[in-house]
Amino acid sequence: LGRAEDALARDGGEDIRPLVTAAHDEARTALSQTRRTMLGLLGPQVEHRDLEKTLADEVDWARRAGRLDVRLVVAGEATPLEPAQAHEILRIAQEALTNIVQHADATLVRLGIAYESAGVSLLVQDDGRGFDAHSHPTDGGWGLQRMSDRARAVGGRVELDSVPGWGTSLRARFPYARTDAVTEGRPLRVLVVDQQPLVRAGVSRLLAQSVVEIEIVGEATSAEQA
């Protein structure tokens, strides 16, 4: 379609250019929606593959589908990840790249994996049109709630920053899986300490919803009582 637009311009077809542009936008949207449907039908894709190689395939898809300059950057020494974590990192990357292709009007995209001391981070940045998060509660089509839910399911969190006209930046952080008693089948034993009953109840409830098995052994109102 891009070559068709250029040819029309040379041949004096400026009046047809908007139609070709609209057709290109419709095709890109259809492609992104079809991709989302297919991703929902697929199972884990990194169980027997290297995460970085799988992300490289995603970069290649975004490059071809969106006519974008997309690059993969890896920082730090690669650390083995739990299969569930690797799977959710991939799914968040797929969601972010699909959003960029469909919504961002970007030309440059960076997808990064940073292996840090306490965990691994996924970074996705584009130079697209961005959006005002305060004026667009649907976060510009990015599906932040869906990605946040995926990250929380494996102990991570997602941060999204966007400025109209300056692009969007997403960072998903995931702590490394524990290798101590928690992974050996024994729950982590926790004593909840706070002066306020509501705070203790809230903390206990959050711990009960953790993806790590936690045993709350009791509550106390002070360090002395604990």
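Let us start in the middle of the fold, where strand S1 (residues 69–75) and strand S2 (residues 108–115) run parallel and are joined by 7 bridges. One place to look for this pairing is Asp-69, whose bridge partner in S2 is Leu-108. To get from S1 to S2, the chain passes through H4, and the resulting β-α-β crossover is left-handed. Please keep in mind along the way that this is a predicted model.

With that pair of strands in view, we can step back to the whole chain. Its secondary structure comes to 6 helices and 7 strands. Read from the N terminus, the elements follow the order α-α-α-β-α-β-β-α-β-β-β-α-β. The chain has 226 residues, and 35% of them count as buried. What about contacts that reach across the sequence? Among those between residues at least 6 apart in sequence, 66% join residues at least 24 apart.

Now back to the strands, and to the sheet they build. S1 and S2 belong to an open sheet of 5 strands with mixed pairing, in the order S1-S2-S3-S5-S4. S1 and strand S4 (157–163) stand at the edges with a single partner strand each, so one side of each has no neighbour in the sheet. On average, neighbouring strands here are turned by 10° against each other, direction ignored.

Further along the sheet, you can find strand S3 (residues 119–126) and strand S5 (residues 167–175), which run antiparallel and are joined by 8 bridges. Within this pair, Val-120 stands opposite Phe-174 in S5. Helices cover part of the sheet as well. H4, already met in the crossover from S1 to S2, packs on the sheet and touches S2, S3, S4 and S5, and its direction makes about 5° with that of S3. Helix H5 (residues 144–153) also packs on the sheet, where it touches S4 and S5; the direction of H5 makes about 155° with that of S4.

H4 has a helical partner too. The axes of helix H3 (residues 51–66) and helix H4 (residues 83–104) come within 10 Å and cross at roughly 10°. Angles under 35 degrees count as roughly parallel, and therefore H3 is roughly parallel to H4. By class, the residues in this contact are 12 nonpolar, 4 polar and 1 charged. On the H3 side they include Leu-51, Leu-55, Trp-61 and Ala-65, and on the H4 side they include Ala-86, Ile-89, Leu-97 and Val-101.

A single residue can help tie these parts together. Ile-113 lies in strand S2. Is Ile-113 buried or exposed? Ile-113 is buried, because its relative accessible area is 1%, and buried means under 20%. Leaving out residues up to four places away in sequence, Ile-113 touches Leu-55, Val-73, Val-74, Ala-75, Ile-89, Val-120, Ser-121 and Leu-122. Two of these names are familiar: Leu-55 in H3 and Ile-89 in H4 take part in the contact between the helices. Another is Val-120, the residue that stands opposite Phe-174. Glu-52 is 61 residues away from Ile-113 along the chain, yet their C-alpha atoms are separated by 8.1 Å.

Val-163 offers another view, this time from strand S4. With a relative accessible area of 40%, Val-163 is partly exposed. Apart from neighbours within four places in sequence, Val-163 is in contact with Arg-129, Gly-130 and Phe-131. The C-alpha atoms of Val-163 and Gly-128 are separated by 9.6 Å, with the two positions 35 residues apart along the chain.

Finally, let us visit two loops. Arg-67 is in the loop between H3 and S1, and phi of Arg-67 is near 50°, a positive value in a residue other than glycine. At 53% relative accessibility, Arg-67 counts as exposed. Asp-105, in the loop between H4 and S2, also has a positive phi, about 55°, although it is not a glycine. Asp-105 counts as partly exposed, at 45% relative accessibility.

Methods:
Residues are numbered from 1 along each chain as its sequence is written. This is a predicted model: local features need pLDDT of at least 70, side-chain atom pairs count only at pLDDT 80 or more; totals for chains, interfaces and linings use all residues. Side-chain values use heavy atoms; hydrogens and water are left out. Axes are lines fitted to C-alpha atoms, for helices over the stretch in contact, and angles run from 0 to 180 degrees between N-to-C directions. Helices (H or I, at least four residues) and strands (E, at least two) are DSSP runs, numbered from the N terminus. Angles under 35 degrees count as roughly parallel, over 145 as roughly antiparallel, 65 to 115 as roughly perpendicular and the rest as oblique. Contact means heavy atoms within 4.5 Å. Ala, Val, Leu, Ile, Met, Phe, Trp, Tyr, Cys and Pro count as nonpolar, Asp, Glu, Lys and Arg as charged, and the others, Gly among them, as polar. Two strands pair if DSSP finds at least two bridges between them. A crossover is right-handed if, with the strands pointing away from the viewer, the path from the first strand over the helix to the second runs clockwise. Buried means under 20% relative accessible area, exposed over 50%, partly exposed in between (1.4 Å probe, protein chains only).
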